[in-house]
Amino acid sequence: MDRIKSFTINHDVLVPGFYISRVDGDVITYDLRTRKPNAGDYMDNAAMHSLEHMFATYIRNSKMKDDVVYFGPMGCQTGFYLLVRDSQSPLDVFEMTKQVLQQTMDHEGSVFGASAKECGHFENLSLEAAQGEAAKYLEALEQQTNMEFTYPE
């Protein structure tokens with residue numbers, strides 16, 4: 001059986017950052033790695049769930065909303081996948097990611113979709129957790145120097 005692309009990446013050398021994971025036709029999958037894998041520091045479910053709600057809502061309301069295909073968490077609790085049509089440059093997606101993180105940090109009020117009607121586990125949402133995750137990840141992105149967005153080897 002063929003191995004999937006994400007299993008071919010050396011997770012021992014990954015650090016928090018923004019990476020191009022794969023290109024499938026006109027869709028680019030971005031790896032928004034918020035944590036160093038296998039280091040014992042994982043997003044808890046509430047933080048991951050809350051940032052997912054905030055990020056997904058803000059990016060789908062951004063200037064690139066028509067090109068966003070999907071945003072969701074990695075099961076390993078070390079990041080998210082963002083799928084965007086290639087009509088947006090990787091640098092533009094990187095900059096929009098930083099903007100969305102800042103919007104999340106500046107958000108006042110409830111987490112988007114925080115009701116039983118809108119979410120299957122709405123009690124597990126925390127704006128404070130989403131904002132903490134956004135701040136931590138934004139700090140990592142502000143330090144990123146790899147603007148080719150390639151994985152480390």
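**Notebook: helices and sheet**

I began at the N-terminal end of α1, which Asp 44 caps. A side-chain oxygen of Asp 44 lies 3.1 Å from the backbone nitrogen of Ala 46. I note here that I am working from a predicted model.

**Helix α1**

I checked the length of α1 next. At 1.5 Å a residue, its 15 residues should span 21 Å. The end C-alpha atoms of α1 are 21 Å apart, which agrees.

Is α1 mostly covered or mostly open? I found it mostly covered, with eleven of its 15 residues buried. I listed the buried residues: Ala 47, Met 48, His 49, Ser 50, Leu 51, His 53, Met 54, Phe 55, Ala 56, Tyr 58 and Ile 59. Against what do they pack? I traced their packing to three strands, β2, β3 and β4, and to two helices, α2 and α3.

**The sheet**

I then turned to the strands. The sheet is open and has four strands, in the order β1-β2-β4-β3, with antiparallel pairing. β1 (17-24) and β3 (68-73) stand at the edges. Each has a single partner strand, so one side of each is left without a neighbour in the sheet. Ignoring direction, I get an average turn of 20° between neighbouring strands of this sheet.

I looked up one pair in detail. β2 (residues 27-33) and β4 (residues 79-85) run antiparallel and are joined by seven bridges. In this pairing, I see Asp 31 opposite Tyr 81 in β4.

**Helices on the sheet**

Which strands does α2 lie across? I followed α2 (residues 90-106) across β1, β2 and β4. It runs at about 135° to β1. Helix α3 (residues 127-143) also packs on the sheet, where I find it touching β1 and β2. The direction of α3 makes about 85° with that of β1.

**Helix α3**

I repeated the length check on α3. Its 17 residues, at 1.5 Å each, should span 24 Å. I read 25 Å between its end C-alpha atoms, which agrees.

The buried residues of α3 are Leu 127, Ala 130, Glu 133, Ala 134, Tyr 137, Leu 138 and Leu 141. Why do I say that they line one face? Seen down the axis of α3, they fall within an arc of 130°, so they line one face of the helix. I found that they pack against β1, β2, α1 (45-59) and α2.

I last viewed the face of α3 turned away from the buried side. Glu 128, Glu 139 and Gln 143 are the exposed residues there.

Conventions
Residues are numbered from 1 along each chain as its sequence is written. This is a predicted model: local features need pLDDT of at least 70, side-chain atom pairs count only at pLDDT 80 or more; totals for chains, interfaces and linings use all residues. Side-chain values use heavy atoms; hydrogens and water are left out. Two strands pair if DSSP finds at least two bridges between them. Axes are lines fitted to C-alpha atoms, for helices over the stretch in contact, and angles run from 0 to 180 degrees between N-to-C directions. Contact means heavy atoms within 4.5 Å. The expected span of a helix is 1.5 Å times one less than its number of residues. Buried means under 20% relative accessible area, exposed over 50%, partly exposed in between (1.4 Å probe, protein chains only). The arc is that of the directions from the helix axis to the C-beta atoms. A polar contact is a pair of N or O atoms within 3.5 Å; within protein, one must be able to donate a hydrogen and the other to accept it, and residues adjacent in sequence count only if both atoms are side-chain atoms.
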